[in-house]
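Biologist: Could you take a close look at the aromatic pairing in this protein and set it in the context of the fold around it?

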Amino acid sequence: MNDIELREEVRTRYGEAATAVLTGSGVACDCSHPGTTCAEEGHRFGPELYEALESEELPEGAVLASLGCGDPTAVADLHPGETVLDLGSGGGIDVLLSAKRVGSTGKVYGLDMTEEMLALAIRNRDQAGVTNVEVLKGYIEDIPLPANTVDVIISNCVVNLSTDKPKVFSEMHRVLRPGGRIGISDVVADDALTPEQRAERGSYVGCIAGALSFGEFEASMRTAGFEAVRIISTDEPTEGIHSAIIQGTKRIDAEETSSRMSRELPLTQPSCC
């Protein structure tokens, strides 16, 4: 299957998951079981990974459409006034959680390629009465935002679904401001597992076959220009396949540091004669 066919398969699978929630015919439980119940033994994806969701008072559609493998808002350390981008934002659960954390002075963009997910996210945003969220249609390999405009990037079990991961990391780096950071959840494989062994453990649309190894993920991020890279396993639902937290920072180059320091230095008054 080529890259175009894989992307279309992903789009179809997640479109079906969103439709299940929009029509009330099912629950989009996780990336391996869209449209089915979350009660099956062994599931460690979706809404159950979020702590204290009841206290967040989110629209039911946002919770039911959770397809992730973690809670990126819990590790992204969001602050009031920040601009956040959620890659592959789906039904909008992480967008809405982020919007609360950055407050009215902040801004959250949700980016998704699936029409059904975009429609669900807009419905959930409007039901929640949130005004600092903008939903964008596009690909994570070609983010429709200017360079150096985002403080934080989050995503939840999405990078593994891309067929051009170096472009994803490059785009993340491009839109982040110097010093900006990423805090994402994703599926990562043991370094010893070959691509063939990963495929034996699960499909591409099931978030397994396309997963990078720990070493590949870190190397790709550093090649794109990220530093302070941390990849921490939080669960191992399948042997050699992990749910993980990934963090990193866009480095500030010397020219930017000098410019920032000059802006921050206090003005000095000329000495009197």
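Modeller: What follows goes from the whole chain to the aromatic pair and then to one enclosed helix. The model is a predicted one, and its secondary structure comes to 9 helices and 8 strands. Of the 273 residues in the protein, 50% are buried, and among the contacts between residues at least 6 apart in sequence, 68% join residues at least 24 apart.

A search of the whole structure finds 1 aromatic pair, which is formed by F169 and F217 in an edge-to-face arrangement, with 5.3 Å from centre to centre and 70 degrees between the planes. The edge-to-face label applies because an angle over 60 degrees between the planes counts as such. This pair links distant parts of the chain, since F169 belongs to helix α6 (residues 165–175) whereas F217 belongs to helix α8 (residues 214–224), 48 residues apart. With a relative accessible area of 0%, F169 is buried, and F217, at a relative accessible area of 1%, is buried as well; both values fall under the 20% cut-off for a buried residue.

Burial can also be followed along a whole helix, and here α4 (residues 93–102) serves as the example: 8 of its 10 residues are buried, so this helix is largely enclosed by the rest of the structure. The buried residues in α4 are I93, D94, V95, L96, L97, S98, A99 and V102, and just after this helix G103 takes a positive phi of about 70 degrees. As for the outside, the accessible surface of the protein comes to about 12,700 Å², of which 51% belongs to carbon and sulfur atoms.

Conventions: Residues are numbered from 1 along each chain as its sequence is written. This is a predicted model: local features need pLDDT of at least 70, side-chain atom pairs count only at pLDDT 80 or more; totals for chains, interfaces and linings use all residues. Side-chain values use heavy atoms; hydrogens and water are left out. Helices (H or I, at least four residues) and strands (E, at least two) are DSSP runs, numbered from the N terminus. Buried means under 20% relative accessible area, exposed over 50%, partly exposed in between (1.4 Å probe, protein chains only). Contact means heavy atoms within 4.5 Å. Accessible areas come from the Shrake-Rupley method with a 1.4 Å probe; for residues, only the protein chains shown count as cover. Rings of Phe, Tyr and Trp (its six-membered ring) pair if their centres lie within 6.5 Å; planes under 30 degrees apart count as stacked, over 60 as edge-to-face and the rest as tilted.
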